[in-house]
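Work through the following exercises on internal cavities and on one helix, with the sequence and the model at hand.

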Amino acid sequence: MTGMPPSQAASRRGRPGYDQQTVLNIAVDVFNRHGYEATSMGVLAENLGISKSAIYHHVPSKGDLLRLALDHALGGLEAVLTDADATSGKADQRLEYVLRGTIAVLTERLPFVTLLLRLRGNTEVEREALERRRAFDHKVASLVEAARSEGSIRKDIDPRTTTRLLFGTINSVVEWYKPGGPLTPQKLADDVIAMVFEGLHHHP
């Protein structure tokens, strides 16, 4: 570490002075392009423009890079569930807050969430991450159930179907959303919430 500002370190990508976050950002990009299993430390070193030994200065193994990346994605999602607006009030309002928060995390940490959603569970690190993801999904499903029970969302659709469609809609964003484009994260969240809660029919 040289103590230079992170922005300057990031701009120098593989040269002396880069930091762990820069290594992680590039590693996640490589994992997403080539697949985690197919990416060796040699491939990472090549993309960073440094030696393998220089990577080991920051992380002990490829698995540790994966763990850091997945924790960045999951930590953001889990934090949404602990916010006051997610834990008190009407269930439909809590559900909307969590969906908006999920979309915010997804757009802010897009490469990291993309990596999370593509996991296959072939390593212990992946299995631990998948378990945390299932726990998150279960809590959102519980909010759907609560909103259904309080009568704030329709009861004629199976809650499991509702939950799957919610996750399917939001998770698909990683495949097509382009940060910095004309569709802002706020407008994306507004559009998803409008479609989910109000449907596509025009209401004059």
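In these exercises Ala, Val, Leu, Ile, Met, Phe, Trp, Tyr, Cys and Pro count as nonpolar, Asp, Glu, Lys and Arg as charged, and the others, Gly among them, as polar. The model is a predicted one.

**Exercise 1.** Find which residues line the second largest cavity, and classify them.

Solution. Begin with the volume, which for the second largest cavity is about 30 Å³. Its lining is made by L99, T102, F136, V140, F167 and I170, and α7, α9 and α10 are the elements that each give two or more residues to it. Applying the classes to this lining gives 5 nonpolar residues, 1 polar and no charged.

**Exercise 2.** Repeat the analysis for the largest cavity.

Solution. The largest cavity encloses about 120 Å³ of space. Its lining consists of L77, T102, L106, V113, L116, L117, R133, F136, D137, F167, I170 and N171, with two or more residues coming from each of α7 (91-108), α8 (110-117), α9 (124-150) and α10 (159-171). By class, this lining holds 8 nonpolar, 2 polar and 2 charged residues.

**Exercise 3.** Check the length of helix α2 against the span expected at 1.5 Å a residue, and then describe its buried residues.

Solution. The expected span is 1.5 Å times one less than the number of residues, so the 15 residues of α2 (residues 20-34) should cover 21 Å, and this agrees with the 21 Å between the C-alpha atoms at its ends. Taking buried as under 20% relative accessible area, the buried residues of α2 are T22, V23, L24, I26, A27, V28, V30, F31 and N32. After the helix comes G35, with a positive phi near 95°.

Technical notes:
Residues numbered from 1 in each chain as written. Predicted model: local features only at pLDDT ≥ 70, side-chain atom pairs only at ≥ 80, totals over all residues. Heavy atoms only, no water. 1 Å grid on protein atoms, 1.4 Å probe; cavity = no way out; pocket = protein on both sides within 12 Å on 5 of 7 lines; lining within 4 Å. Points joined across faces, edges and corners; volume = space filled by probe spheres on them. Helix = DSSP H or I, 4+ residues; strand = E, 2+ residues; numbered from the N terminus. Buried < 20%, exposed > 50% of the residue type's maximum accessible area, 1.4 Å probe, protein only.
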